[in-house]
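Colleague: I would like to go through this model and its ligand site. Please keep the cut-offs explicit.

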Amino acid sequence: MQIYFTPWIYTPMRSTLTILHQLSKTEIPELTKSTVLMRERSRVEKTIRAMQHTGAGGLQVISDFDMTLTRFAHNGRRVPTTHSKLLLVHLCGDVSLSMKELLNTYYPIEIDPHRTAEEKLPLMVEWWTQVHELLIEQRIRKDLLAQAVRESRAMLRDGYKVFFDHLEEQQVPLLIFSAGVGDVLEEVIQQNRVFHPNIRIISNYMDFDQAGVLRAFKGQLIHSFNKREGAMSHVAALRELQARPNVLLLGDSLGDLTVADGVAEHQNVLTIGFLNDQVEDRRESYVNAFDVVLVKDETMDVPNAVLRYITSSRGDK
Ligand SMILES: Nc1ccn([C@@H]2O[C@H](COP(=O)(O)O)[C@@H](O)[C@H]2O)c(=O)n1
């Protein structure tokens with residue numbers, strides 16, 4: 001049997017794909033790393049090109065914090081999250097044990113690919129509520145936070161400085177939307193000297209009494225699966241972001257994907273997901289949900305390369 005290609009269909013399609021994949025090959029070679037997975041490379045490249053056309057002036061970046069801007073592991077050990085860094089404030093064995101028990105119970109549920117977000121939601125509320133109650137019982141002192149962060153193994157991902165500094169230089173707003181603890185998160189960014197004025201943070205903030213002792217958490221609780229609602233409730237404060245039609249969204253959980261919906265309507269959204277843990281079980285759901293998936297990549301290399309390209313157009317600021 002002979003196969004004939006219809007030239008007017010075949011040739012243009014091939015050349016279009018060649019042009020599109022050129023972006024990965026030549027302009028953003030980081031996208032060809034073996035740790036980078038994409039469901040539809042052509043769509044990713046088309047979105048990045050469209051975002052580059054508008055440039056820095058039309059861009060906003062929305063990012064999760066724990067295990068997205070921070071490393072997941074270092075030298076084979078888990079890097080502490082903002083909640084677990086608080087353990088260092090009070091070295092009470094019992095509390096530390098209870099928090100670890102809660103983590104061992106609920107973290108596997110949080111990342112379980114066989115449960116729906118609806119199933120996980122009440123359990124996440126249970127986890128966060130119990131941890132916050134434990135922390136309040138400990139009468140955590142505000143003046144000890146900086147020291148706790150300094151003594152912790154808190155670590156932003158390799159390449160974090162390029163990421164934060166570049167966004168600031170290009171005047172691109174960075175919204176950090178975290179279900180962690182806002183006060184601790186701010187301290188981590190500050191101690192790394194990248195807390196620039198273009199950063200806005202939505203997170204769980206601690207409420208201290210006049211003596212500087214923790215007495216409650218402020219506002220509506222944010223956990224990993226109610227970020228959309230959380231974003232919507234802050235929409236007035238985020239009005240400045242509405243004028244920016246293009247969104248680069250970074251996260252490590254499927255719940256992070258809903259933040260952009262809550263903030264505003266967008267023209268182009270590119271989502272990058274860090275797949276840190278349980279890779280085999282979760283690969284498929286991550287590839288289906290995020291545009292770009294970074295497997296066990298502890299660096300900001302790919303987001304930095306994409307940002308460098310998007311902000312490389314002239315006359316957009
Ligand atoms: N007691 C807790 C509660 C939550 N976590 C983890 O922190 C993450 C939340 O912060 P994001 O910046 O990622 O929104 C969440 O994914 C939990 O796994 C924890 O370690 N301890």
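Colleague: What share of the area that the protein exposes do carbon and sulfur atoms supply?

Modeller: This is a predicted model, in which local features need pLDDT of at least 70, side-chain atom pairs count only at pLDDT 80 or more, and totals for chains, interfaces and linings use all residues. Residues are numbered from 1 along each chain as its sequence is written, and side-chain values use heavy atoms, without hydrogens and water. Accessible areas come from the Shrake-Rupley method with a 1.4 Å probe, and for residues only the protein chains shown count as cover. The protein exposes about 15400 Å², and the share from carbon and sulfur atoms is 53%.

Colleague: Which residue has a polar backbone atom 2.7 Å from an oxygen atom of the ligand?

Modeller: A polar contact here is a pair of N or O atoms within 3.5 Å. A polar side-chain atom of K227 lies 2.8 Å from a ligand oxygen, and an N or O atom in the side chain of W127 is 3.5 Å from a ligand nitrogen. The backbone atom at 2.7 Å from a ligand oxygen belongs to A179.

Colleague: How much of the ligand's own accessible area does the protein cover?

Modeller: On its own, the ligand has 470 Å² of accessible area. The part covered by the protein is 96%.

Colleague: Why is strand β6 largely enclosed by the rest of the structure?

Modeller: Strands are DSSP runs of E with at least two residues, numbered from the N terminus. Buried means under 20% relative accessible area (1.4 Å probe, protein chains only). Strand β6 spans residues 199–204 and is largely enclosed because its buried residues number 5 of the 6.

Note on methods. Buried < 20%, exposed > 50% of the residue type's maximum accessible area, 1.4 Å probe, protein only. Helix = DSSP H or I, 4+ residues; strand = E, 2+ residues; numbered from the N terminus. Polar contact = N/O pair within 3.5 Å; in protein donor to acceptor, adjacent residues only side chain to side chain.
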